[in-house]
Amino acid sequence: MDWVKVCATIDCLPGEYKVVFDGDTAIAVYNIDGQFYAIEDVCTHDGGELAGGPVDGFSVECIRHGAKFDVRTGEALCAPAYTPTVVFPVKVEDGAVFTRDDRN
Ligand code: FES
């Protein structure tokens, strides 16, 4: 299974995010205080995109109806989402960030 390059680390600074695709899977990668976290860019409430929603600590909010998810675990933190979103592995190598959908 191949890693997918997200970007150079300098192109995703703390507080920023990037979205990449591994096949058909949209993966949102967040830099929070220098650590990278990757979750599926899909809200489990009704399929909204999570990327671009407000980030507060490790929580990212879906702008459609306000569900929040923990980027570390994928856990749904509040209604109207009850099912976790998927977490993907992240690695930093040679100054770049990589992730992958290891379900494929
Ligand atoms: S689609 Fe995300 S809260 Fe409804």
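Strand S2 (residues 17-22) and strand S3 run antiparallel and are joined by 6 bridges. This pairing belongs to a predicted model. Within the pair, valine 19 has alanine 28 of S3 as its bridge partner. S2 and S3 form a hairpin with 2 residues between the strands. In this hairpin, glycine 23 adopts a positive phi near 65°.

A separate description applies to strands S5, S6 and S7. These 3 strands make up an open sheet, ordered S5-S6-S7, with antiparallel pairing. Strand S5 (55-56) and strand S7 (68-70) are the edge strands; each has a single partner strand, so one side of each lacks a neighbour in the sheet. The pairing of S5 with strand S6 (residues 59-61) is antiparallel and rests on 2 bridges. One contact of this kind links aspartate 56 to serine 59 in S6, its bridge partner. In general, strands of a sheet pair through backbone hydrogen bonds, in either a parallel or an antiparallel sense.

The protein as a whole contains 10 strands and 0 helices. Its pattern along the sequence is accordingly written β-β-β-β-β-β-β-β-β-β.

The largest nonpolar core has 22 residues. Among its members, Ala28, Val29, Tyr30, Ala38, Ile39, Leu50 and Phe69 touch the most others. Strand S3 (25-32), strand S4 (35-40) and strand S10 (96-99) are the elements that each give two or more residues to this core. Alanine 28 thus appears twice: it is a bridge partner in S3, and it is one of the core residues that touch the most other members. Nonpolar side chains tend to be buried together in soluble globular proteins.

The contacts of isoleucine 39 were examined individually. Residues up to four places away in sequence are not counted. Isoleucine 39 then touches Ala28, Leu50, Phe69, Val71, Gly74, Thr85, Val86, Val87 and Phe88. Of these partners, Ala28, Leu50 and Phe69 are also listed with Ile39 among the core residues that touch the most other members.

Overall dimensions were then considered. The C-alpha atoms fill a box of roughly 40 × 30 × 20 Å along the principal axes. The radius of gyration is 13 Å; a compact globule of 104 residues would have a value near 13 Å, so the two agree. Buried residues account for 31% of the 104 residues. Contacts between residues at least 6 apart in sequence were also assessed, and 40% of them join residues at least 24 apart.

Note on methods: Residues numbered from 1 in each chain as written. Predicted model: local features only at pLDDT ≥ 70, side-chain atom pairs only at ≥ 80, totals over all residues. Core = buried A, V, L, I, M, F, W, Y, C linked by C-beta atoms within 7 Å. Buried ≥ 20, exposed ≤ 12 C-beta atoms within 10 Å, placed from the backbone. Helix = DSSP H or I, 4+ residues; strand = E, 2+ residues; numbered from the N terminus. Contact = placed C-beta atoms within 7 Å. Pairing = 2+ DSSP bridges. Rg over C-alpha atoms; globule rule 2.2 N^0.38 Å.
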